[in-house]
Amino acid sequence: MAVFMQSLISGILIGGVYALIGIGLTLIFGVMRVINFGHGDILMVGMYLTYLLFTYLGIDPFVSVLITFPLMFLFGGFLQKVFINRVLNAAAQNQILLTIGLGLIMSNTVMLIFTSDYKILSTSYSSATIQVGGGVSVSTPLLISFLITAGITAALYWFLLKTDTGQAIRATAQDREAAQLMGINVKRMSILAFGLGSALAGTAGALIAPTYYIFPQVGAVFTLKAFVITVLGGMGSVVGATLGGILIGITESMSAVYISSGWKDVVVFVLFLLVLLFRPSGLMGKSRT
Amino acid sequence: MRKHLLALGVSMALTPCLMAQKVGVINSMSGPEAPIGENITNGIKLAEEDLKKKGVHLQLVWEDDTGKPQISMSAMEKLATRDNVVGVVGPYTSACSNAVAKLAEKYHVPLLIPAAAKEEITMQGLRHVFRMNAPADRYASSLIDAALSLGKPRSIAFIYENTDFGTSTSKTAKDYVAKKGLQVVAEVAYPKGSADYRSSLAQIKSKNPDLVFMVSYVADAILLMRQSKEVGLQPQAFLGAGAGFTTVEFARERAISENVISCTQWTNDVNWPGAKDFGDRYKAKFGKEPTYHAACAYASMMIMAETAKNAGGDRAKTRDALKAGKWNGVMGEVQFADYAGFTNQNNHTMLVQQIIGGEYETILPSQFATKKAIYPFPKWK
């Protein structure tokens with residue numbers, strides 16, 4: 001039982017961070033219909049930013065989210081304004097090539113600056129735990145990052161549902177042309193959405209940094225995960241991405257225990273295929289026929 | 001006048017080269033193995049200096065194999081046929097060494113491999129291939145022997161990365177524990193680079209093993225130990241085989257690396273002649289702590305160069321002298337012997353070390369010990 005609870009809890013906690021990555025990707029897709037293949041690399045930039053802030057300025061990784069979030073927002077907005085906006089009406093494969101290219105530039109630039117060595121962030125609480133009872137323990141940094149994730153997700157819901165700008169973003173996602181006819185500046189909404197998406201990915205990077213390790217190619221692992229989560233939850237659905245993230249987290253952790261650690265990716269992808277077979281538009285997606 | 005001086009200078013610079021024996025070096029100086037290759041290069045450079053002091057002038061022919069076996073092989077062809085070297089020191093990786101070994105045999109060039117781990121290399125009866133370091137199976141057996149001599153463990157759990165390196169090391173370990181009567185209670189092969197090992201570790205914890213045997217590289221080693229602490233995995237000893245558990249970075253993570261037992265080919269505090277001095281000079285010259293690869297490469301070059309010189313640059317005589325010789329230096333006693341299926345294999349003593357007070361301290365074999373071992377593993381704080 002302890003093993004079951006342990007893997008359930010760590011699955012949920014890690015799933016929360018996955019969700020944050022997925023939400024960023026789904027937001028970008030929802031508004032622009034652009035699949036961002038550089039999403040993991042944006043996360044990697046967030047990790048290195050956190051690493052720099054921690055090593056040179058001594059800013060705690062969790063506090064540094066306050067700096068990482070706006071910086072990554074600006075970075076994302078810049079990418080959107082300078083690059084992505086130009087291919088919004090281009091063929092899908094051109095968009096994909098552009099985002100892959102941007103990702104490659106990011107990871108290789110980082111590799112030139114920091115070399116390909118692994119970096120480990122060691123905070124005083126990196127290996128701290130809280131005993132929950134029944135032999136189950138929870139990693140303190142993972143718990144904190146889960147709480148921050150939950151907070152950010154809640155704030156994001158509020159922003160998208162209650163504010164004018166949020167509604168304008170959702171309107172753009174629903175129907176770009178109709179939104180434009182209603183007087184919404186869709187180009188600005190796109191910049192906002194890509195900025196937000198990048199900020200979320202960067203924040204996820206900052207939150208993972210204390211418990212994971214950092215290297216220039218780390219993005220690839222998370223790009224793939226973000227995809228599975230987004231498609232599983234339904235492309236463009238924020239609720240879906242949240243659910244998808246947690247579901248993937250739990251599946252990984254459970255299958256590592258009850259099947260085999262080496263097979264956990266197989267289990268995740270089988271689940272993924274099954275969901276697509278029975279609900280082709282994802283858990284929360286609306287079909288777009 | 002100026003021209004004359006230049007000519008004089010050139011001829012003076014060339015003189016030792018003309019008289020010197022040629023010795024080839026194949027090493028991974030670029031490519032993914034470059035960080036380790038750098039240690040080997042530096043070790044050989046130090047050897048070159050020391051040989052000069054001893055009056056052994058040699059001309060080194062450097063070849064970079066970028067860590068790829070096919071490039072390593074063409075480097076060997078070139079050294080054997082065009083440069084006419086007396087002997088070759090290198091290459092670094094197991095894959096390259098194994099490929100080059102067969103060529104060395106074909107061209108009758110004595111090859112001294114400083115630090116490749118795969119057992120097979122010296123198990124093929126190749127007469128011209130010599131190896132300085134202890135092969136991979138010794139990692140597992142040294143660690144398990146150490147645990148058995150320190151306490152009375154009955155069960156063992158394995159967790160290792162599902163790569164060639166991880167799988168083969170733990171396979172030899174499993175064969176060895178079967179002989180020693182230890183019970184394997186859990187076995188987890190994980191894909192490299194996972195973010196979360198907690199569930200696997202919790203599963204191992206539920207089996208309550210006396211020993212936990214891990215095979216991983218740097219970053220995973222730190223994650224595994226961090227998460228072991230998180231889930232409260234509490235064996236009598238953590239045994240770390242492989243690269244990740246013997247790095248300065250790992251030792252620096254004192255909260256989780258303290259008391260972990262690992263093993264290595266060489267340390268700078270062992271009382272082998274010149275080991276400490278080598279470590280100090282290496283650090284002074286290159287600004288870094290040497291890894292065992294550096295010491296292996298240094299000792300290999302010293303032996304190869306002196307043997308080649310004494311043999312007057314004759315390949316067959318060099319081979320015979322390597323086979324017959326006995327040395328004592330930074331790597332301890334070196335002798336290339338035939339035993340347990342190996343040919344020309346130095347039966348090198350592995351040093352078992354434990355991180356005590358944030359430093360690697362040798363705990364076994366007892367004649368080389370710098371600190372007393374801490375066993376069983378203390379309760380996590």
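Visitor: What percentage of the 289 residues of chain A count as buried, and what makes a residue count?

Guide: In chain A, 52% of the 289 residues are buried, that is, they have 20 or more other C-beta atoms, placed from the backbone, within 10 Å of their own (12 or fewer is exposed, in between partly exposed). This is a predicted model, in which local features need pLDDT of at least 70 and side-chain atom pairs count only at pLDDT 80 or more, while totals for chains, interfaces and linings use all residues. Residues are numbered from 1 along each chain as its sequence is written, with chains lettered from A and ligands numbered from 1 in the order in which they are written.

Visitor: How do you know how confident the predictor is about chain A?

Guide: By pLDDT, the predictor's confidence in each residue, from 0 to 100. Chain A averages 89, and 99% of its residues score at least 70. Among its elements, strand S2 (residues 129–133) of chain A has the lowest mean, 79, and helix H3 (residues 65–82) of chain A the highest, 95.

Visitor: What makes up chain A, by helices and strands?

Guide: Chain A holds 11 helices and four strands, counted as DSSP runs (H or I, at least four residues, for a helix; E, at least two, for a strand) and numbered from the N terminus.

Visitor: Why is chain A called as compact as a globular protein of its length?

Guide: Its radius of gyration, over C-alpha atoms, is compared with the globule rule, 2.2 Å times the number of residues to the power 0.38. The radius is 19 Å and the rule gives 19 Å for 289 residues, so chain A is as compact as a globular protein of that length. Its C-alpha atoms fill a box of roughly 60 × 50 × 35 Å along the principal axes.

Visitor: What makes two residues of chain A and chain B count as in contact, and how many do?

Guide: Their C-beta atoms, placed from the backbone, must lie within 7 Å. By that test, 25 residues of chain A are in contact with 27 residues of chain B. The largest share of chain A's side, six residues, comes from H1(A).

Visitor: Which residues of chain A are called transmembrane region, and where does the name come from?

Guide: The name is a UniProt annotation from an unreviewed entry, and the residues it covers include 12–35 and 227–250 of chain A; such annotations may be inferred rather than shown by experiment. In the model, residues 12–35 of chain A are 88% helix, with end C-alpha atoms 26 Å apart. Residues 227–250 of chain A are 83% helix, with end C-alpha atoms 17 Å apart.
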